[in-house]
Amino acid sequence: MVSIMYVLFICIAAPLLLLLLLIDKKSRKTVGFVIIGMCVCLFVSEINSILLAMTGGDHYYTTTTITPITEELLKALPVIYFAFVFSSERQTLLTVSMSLGIGFALLENSYILVNSLDQIDYIWALARGFGSGLMHGLCTAAVGYGISFVRVRRKLFYTGTFGLLSVAIIYHAIYNTLVQSSYKYVGVLLPIITYIPILIVLQKQQARLRKAALEVSSAVTEEAEEDTVVEKSTE
Amino acid sequence: MDILSFLPDIILLVGTTAGFVYCAASFFRAGKALFLQIVACACGCVALGQLFVVMQLITRGQMPHGFHVGILGTLGSYFFLFSGNYGQLDGLGDPKTKELRKYRLLSLLPTILVALAYVGVFLQDITVQQKVIYAVLFLLFAETSYFSCKHLILPDIEDGILKSIRPYNAAVLVLTLFNVLAVYATVLDQEIFRTIALFVCAAIYAGLGYIANRGVEKWYQ
């Protein structure tokens with residue numbers, strides 16, 4: 001019996017894996033973590049099936065309590081590993097963790113699409129794409145971004161990591177609660193409402209950093225020019 | 001949907017959110033003490049957990065039974081409060097000398113109270129899952145109440161930090177005891193006590209950041 005989940009994984013991951021061999025190092029990290037996100041989704045789907053059976057098939061309880069915990073925990077593991085072994089630089093962690101979350105959502109949405117062919121329409125697509133896709137990305141990105149802070153503060157590391165995971169899990173659970181209720185459009189809009197202010201703040205931070213870097217570079221250039229003028233007048 | 005029956009939970013959500021908004025706006029800036037950022041995280045965790053509880057009440061009309069992710073909010077909050085007292089203040093305020101042993105022993109009183117409260121909860125007709133969840137929660141309550149009480153009564157020998165932060169420690173101690181009351185009232189299905197406990201907790205969470213900030217500023221003067 002062919003598992004549709006594994007078929008989808010191979011169809012999407014195979015070309016991405018081949019792409020990895022051709023692209024530059026920085027882009028390789030992004031695409032690599034998209035593939036890792038898909039691997040996590042595959043693994044989580046097996047675990048969630050077992051847990052659903054253990055809760056006696058209580059779909060609502062599983063989706064609002066169990067799956068947020070398993071999914072966020074397992075998505076966080078590669079990010080924490082990367083932070084400890086490779087780099088805990090903030091922008092890098094933000095990129096890889098968001099990529100992982102998006103990769104997870106990519107496979108999840110594809111699987112749900114294949115299993116719900118009679119229910120799909122453009123509204124469904126927008127809801128899954130901008131709702132669920134963004135939610136998974138944001139939850140993992142929050143953990144990744146936060147790890148860059150707590151990683152360097154030894155006393156805060158354990159409580160900080162627990163706090164970050166709690167925030168991601170509870171946010172995910174709130175989303176799942178809303179989309180299964182009569183307020184499902186509030187649930188779908190929730191990740192977008194969260195994403196926009198975060199995007200604005202991050203863009204402003206990056207603009208400030210670019211401006212500061214430009215000022216430093218101009219100051220260094222001016223000093224170098226002055227030195228050249230002094231040297232020439234001495235000659 | 002009877003909003004009035006959810007009012008205590010909504011008030012707690014409003015209080016914790018107000019506390020978090022104040023903390024987030026004031027403490028995540030350059031030069032602000034890590035201790036204050038920890039207090040902000042504590043308020044944020046409990047606010048998000050309470051948001052989940054309120055969402056469940058609005059969409060399903062009832063509190064989730066047994067374990068639910070809203071409990072992670074309270075757990076996370078108390079991890080941060082404990083970490084703030086133990087990790088940040090204890091090293092500065094307690095010189096660990098024999099002369100101060102009597103204060104450390106006296107500080108065990110709220111811890112014993114919390115432990116006795118857990119025994120009372122354990123003996124009620126609740127599921128094993130609930131007993132385990134409350135055990136973890138009460139353990140955090142006990143640890144936090146010990147350090148809050150200790151930093152409240154310990155004479156300020158070192159450099160003035162304990163004296164300036166006493167109102168904060170008093171607030172955390174009262175918050176912990178009312179959180180214990182809230183759990184007890186939930187288990188015994190005593191709505192009035194639960195309402196009182198949640199209202200007090202909401203008020204304390206709303207002002208916790210401000211109280212902590214006043215204490216830290218006083219210490220720096």
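**Exercise 1.** In this predicted model, locate B:Val119 in the secondary structure and classify its exposure.

*Solution.* Start with the element. B:Val119 sits in helix H5 of chain B, which spans residues 108-122. Next, take its relative accessibility: 42%. Buried would need a value under 20%, and exposed one over 50%. B:Val119 therefore counts as partly exposed. Last, place a partner. B:Ala135 is 16 residues away from B:Val119 in sequence, with 9.4 Å between the two C-alpha atoms.

**Exercise 2.** State how much area is buried between chain B and chain A, and which atoms give it.

*Solution.* The size of an interface is often expressed as the accessible area lost when the parts come together. Here that area is about 2000 Å². Carbon and sulfur atoms give 78% of it. On the side of chain B, the residues losing the most area to chain A are B:Leu48, B:Val69 and B:Leu72. Together they account for 23% of what that side buries. Now count the residues in contact: chain B puts in 26 and chain A 23.

**Exercise 3.** Count the salt bridges between chain B and chain A, then the residue pairs in polar contact.

*Solution.* The salt bridge count is zero. For polar contacts, three residue pairs are found across the interface, both residues at pLDDT 80 or more.

**Exercise 4.** Break down the side of chain B that touches chain A by helix and by residue class.

*Solution.* Helices first. H2 (34-60) and H3 (70-93) of chain B each supply at least two residues. H2(B) gives the largest share, 12 residues. Then sort by class: 15 residues are nonpolar, 10 polar and one charged.

How values were computed. Residues are numbered from 1 along each chain as its sequence is written. Chains are lettered from A and ligands numbered from 1 in the order in which they are written. This is a predicted model: local features need pLDDT of at least 70, side-chain atom pairs count only at pLDDT 80 or more; totals for chains, interfaces and linings use all residues. Side-chain values use heavy atoms; hydrogens and water are left out. Contact means heavy atoms within 4.5 Å. Buried area is the accessible area (1.4 Å probe) that two parts lose on being put together, summed over both. A salt bridge is a side-chain nitrogen of Lys or Arg within 4 Å of a carboxyl oxygen of Asp or Glu. A polar contact is a pair of N or O atoms within 3.5 Å; within protein, one must be able to donate a hydrogen and the other to accept it, and residues adjacent in sequence count only if both atoms are side-chain atoms. Helices (H or I, at least four residues) and strands (E, at least two) are DSSP runs, numbered from the N terminus. Ala, Val, Leu, Ile, Met, Phe, Trp, Tyr, Cys and Pro count as nonpolar, Asp, Glu, Lys and Arg as charged, and the others, Gly among them, as polar. Buried means under 20% relative accessible area, exposed over 50%, partly exposed in between (1.4 Å probe, protein chains only).
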